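User: I'd like to go through the labels people put on a model like this and see what backs each one up. Can we take them one at a time?
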Amino acid sequence: MTASSSFLPFTQSPPPKEGRVKPSHIFQDRQLKRIIIAFVGFIAFYLFVLPALQQDNNSAVPKYDTLRAPSSPLSVDAKAREVPTRDHRIEYQGAVGRQGNEVPPPPKKPSKAEIAVGVVEAQIPPAHAEYAPSSPQKQTQAQSGSQPQADKDLVNGPLRDLLDMLPDEFRMRELLRPIKSSGTERMREYGLRARVYRKMLEAWERVHFASAPSSSNDKDNSGIVIRNDITKIIKHNSPDLLHTYDDMTAFLPRFSNLLFPWTAPFHPSHASLHASLATGGRGIVLTAGDNQAPFLLTGIKVLRELGCELPVEVMYLGDDDLGEDWREKLEELEGVVTRDMARMVSDRGWKLAGWAGKPFAILLSSFRECIFIDADSLFFKDPTILFEDKGYKEKGALFFKDRLIFPESKKKFLQEILPKPLSPQVKSSRFWTGASGHMQESGVLVIDKFKHFVALLMVTRLNGPDRDGSGEGDDKIVGVYDLVYGDKETFWLGWELVGDVGYAWMEGGQGIMGIVRAKERGSVKEEIDKEKLEKAIGGPKGYDEKGGEDVDDSDHEHDGHEDAKDKDEKEEERAEKEEHALRKRAPAAGGPHTICSPQLLHLDRDETPLWFNGWLAPNKFDDVPTPAAALSPSRKSALHFDSWLKEPGEWELLDSNICCLTSEERTEFTMGEKEVLGMMIRVAKEVEAWKG
């Protein structure tokens with residue numbers, strides 16, 4: 001058979017059906033070789049080629065987390081390309097390129113929730129602690145994968161703590177039930193509920209508050225934004241909590257509206273009002289109507305002459321309270337604005353007026369830290385120093401004490417209104433010990449509103465719808481002002497009602513200022529009648545508003561000789577007078593001494609005069625403020641102060657809010673203090689707060 005015979009048709013087998021061709025052994029060998037070659041090539045690429053490529057890429061840009069010190073500042077370009085993040089646990093680590101330029105890490109695409117909220121850092125303040133967001137210059141950058149973990153931490157930590165506070169159906173009905181009682185029972189009930197609300201609000205804010213850069217130039221001051229992505233986070237991480245979260249979100253506004261509804265609709269919620277205070281800064285808050293406007297003009301100018309540069313907000317209650325003419329005069333003063341509280345408070349069913357406006361003015365002013373000053377209060381020193389007082393720096397609230405007058409035990413009253421346990425401050429108070437029925441003087445208050453937000457809300461409650469009593473017999477409603485004298489005691493009691501013990505008392509002491517006269521022990525009221533009262537608080541000599549010294553007409557005959565004195569001799573003479581006055585600072589012996597006046601003097605911690613209330617006149621309740629009632633019979637000499645007395649001593653109350661203090665020791669005002677008093681009188685005359 002020839003070689004071609006194998007290709008003859010009759011030598012071939014019939015072709016098999018399609019798909020049933022059985023490969024030959026040669027074909028099988030070729031397939032096996034191809035598989036082996038591909039496998040060997042893959043192994044070689046994985047072991048040798050891929051690592052080499054990775055090494056080349058890494059050598060181009062060094063690892064930023066190993067070549068950059070944590071404390072190195074970010075460049076402008078790096079900061080501009082930072083992606084906002086809520087993870088505050090990881091310090092941003094920059095990178096340094098081959099040329100020494102800073103190179104940021106690969107950016108992480110922000111979520112929609114982050115863009116909407118503008119979150120930079122979730123730094124939530126713990127309960128009873130000051131909120132202190134970090135500087136925008138120190139914001140953090142989340143590493144890859146950190147945000148999902150941060151969301152899980154939020155859900156498993158603060159969120160669950162919040163939801164655990166949701167009351168069951170029975171307790172929820174009790175908390176939302178209207179309170180129909182009055183008097184001490186009503187105060188206690190609101191105190192109990194406010195304590196629950198305070199804890200809930202703090203827990204809610206730990207979940208929803210996040211810091212954001214402040215719009216001011218203060219790099220260390222951060223604002224607060226309220227997160228709106230919590231529902232999304234719950235759905236992604238723990239959907240079973242969503243219904244409980246919705247229940248809490250529905251309950252909390254109803255609860256807040258029962259307790260403190262008057263801030264809406266000017267502020268959408270208590271949380272939004274609270275957040276707005278974080279970057280409010282420091283300032284002075286005043287309240288006044290038309291009758292007190294001359295006092296304000298005097299007080300503000302006195303503050304400026306003392307060197308106080310704090311901004312001032314004058315809060316009033318509508319045009320009928322403080323007219324447009326007075327508002328224009330006040331706003332002509334540097335750093336002063338007037339604001340209408342009537343637009344900010346919803347007082348349906350009750351009316352905000354008088355003393356009661358003070359806590360509302362404090363709460364609704366734009367400042368975070370404020371010094372409230374009554375219109376009739378005047379300072380010897382720049383009040384800005386109160387922010388540096390050790391009691392204020394520790395507690396965030398500084399209060400002043402009233403006269404130690406009228407011994408009275410109010411221990412039972414405190415036990416009836418305050419939930420247990422009672423704080424050490426309560427058990428050491430005058431109310432508890434019976435030393436006096438008067439504890440606080442509210443002419444000056446220093447408060448960090450962000451730190452004591454719910455306590456201040458409670459004070460507005462006590463001066464709001466619960467303020468006044470009404471009715472008789474079984475229908476009688478006992479108001480707060482039926483239990484305490486005006487707004488004075490509502491501040492420290494409001495703090496205690498909500499369980500906030502963060503307040504301090506100024507320990508400098510209090511006393512009285514005016515003209516000292518020696519007397520035998522006995523009743524001051526028996527010795528002083530209305531005809532002699534003028535002499536007791538006035539004095540026969542004039543008061544020089546330029547220098548504070550006693551003068552008479554004969555002094556002015558030598559004005560020409562005074563002008564001829566050498567300047568150095570004048571300074572030497574002035575120094576001798578000041579030294580003589582300082583020697584007189586030591587309490588004088590030979591008591592007892594008595595001063596009768598309406599001025600209550602408050603001392604600094606170093607026991608030097610700080611401020612006083614009662615203004616400059618002997619009777620601030622006169623229809624027309626004038627020094628006439630304090631003048632001698634010739635009506636030419638002004639109100640006079642030469643000394644002051646400090647408690648302890650014997651107080652006695654006379655007519656027209658005038659008190660007399662009898663003490664064994666007296667202290668004369670220094671030359672500098674007399675100059676300040678003279679400046680006050682001069683300013684009062686300039687603004688026509690005095691007539692005649």
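Analyst: Sure, starting with helix packing: axes are lines fitted to C-alpha atoms, for helices over the stretch in contact, and angles run from 0 to 180 degrees between N-to-C directions. Keep in mind that this is a predicted model.

User: Good. What makes α5 and α8 roughly perpendicular to each other?

Analyst: The axes of α5 (residues 146-164) and α8 (residues 230-237) cross at roughly 100 degrees and come within 10 Å. Angles of 65 to 115 degrees count as roughly perpendicular, so α5 and α8 get that label.

User: And how do you know that α5 and α8 meet?

Analyst: Contact means heavy atoms within 4.5 Å. On the α5 side the residues are P148, D151, K152, L154, V155 and L159, and they meet I230, I233, I234 and N237 in α8. By class, the residues of that contact are 7 nonpolar, 1 polar and 2 charged.

User: What about α5 and α9: which way does α5 pass α9, left-handed or right-handed?

Analyst: Left-handed. The axes of α5 and α9 (residues 242-259) cross at roughly 60 degrees, coming within 10 Å. In this contact L159, L162 and L163 of α5 meet T244, Y245 and M248 of α9. The residues there are 5 nonpolar and 1 polar, with no charged ones.

User: Next pair. Why is α18 called oblique to α19?

Analyst: Take the angle: α18 (residues 453-462) and α19 (residues 490-497) have axes that cross at roughly 125 degrees and come within 8 Å. Roughly perpendicular covers 65 to 115 degrees, and roughly antiparallel needs over 145. The crossing of α18 and α19 fits neither range, so α18 is oblique to α19.

User: What is the handedness of the crossing where α18 passes α19, and which residues meet?

Analyst: α18 passes α19 in a right-handed crossing. A455, L456, M458, V459 and L462 in α18 meet T490, F491, G494, W495 and L497 in α19. Sorted by class, that contact has 8 nonpolar residues, 2 polar and no charged.

User: On to empty space. How many cavities are there of 30 Å³ or more?

Analyst: The count is 4. To be called a cavity, a set of points must be somewhere a 1.4 Å probe fits but cannot get out. The second largest cavity holds about 80 Å³ of space. It has 13 lining residues, and the closest to its centre are G299, I300, L303, I373 and S377.

User: Which elements give two or more residues to the lining of that second largest cavity?

Analyst: Those are α11 (293-305) and β9 (378-379). The largest share of the lining, 6 residues, comes from α11. The lining residues divide into 10 nonpolar, 2 polar and 1 charged.

User: Now the backbone. What makes the bond from A264 to P265 stand out?

Analyst: The peptide bond from A264 to P265 is cis, with omega near 5 degrees. Most peptide bonds are trans. P265 is in the loop between α9 and α10 (270-276). K420 and P421 are also joined by a cis peptide bond, with omega about 0 degrees, and P421 is found in the loop between α15 (411-417) and α16 (424-427).

User: What is the phi of E607, and where is E607 placed?

Analyst: Phi of E607 is near 60 degrees, a positive value in a residue other than glycine. Most residues other than glycine have a negative phi. E607 lies in the loop between β18 (600-603) and β19 (609-613).

Note on methods
Residues are numbered from 1 along each chain as its sequence is written. This is a predicted model: local features need pLDDT of at least 70, side-chain atom pairs count only at pLDDT 80 or more; totals for chains, interfaces and linings use all residues. Side-chain values use heavy atoms; hydrogens and water are left out. Helices (H or I, at least four residues) and strands (E, at least two) are DSSP runs, numbered from the N terminus. Angles under 35 degrees count as roughly parallel, over 145 as roughly antiparallel, 65 to 115 as roughly perpendicular and the rest as oblique. Ala, Val, Leu, Ile, Met, Phe, Trp, Tyr, Cys and Pro count as nonpolar, Asp, Glu, Lys and Arg as charged, and the others, Gly among them, as polar. A crossing is left-handed if the near helix is turned anticlockwise from the far one by less than a right angle, and right-handed if clockwise. On a 1 Å grid over the protein atoms alone, a cavity is a set of points where a 1.4 Å probe fits but cannot get out, and a pocket is an open set with protein on both sides within 12 Å along at least five of seven lines; lining residues have an atom within 4 Å of a point. Grid points are joined across faces, edges and corners, and a volume is the space filled by probe spheres set on the points.
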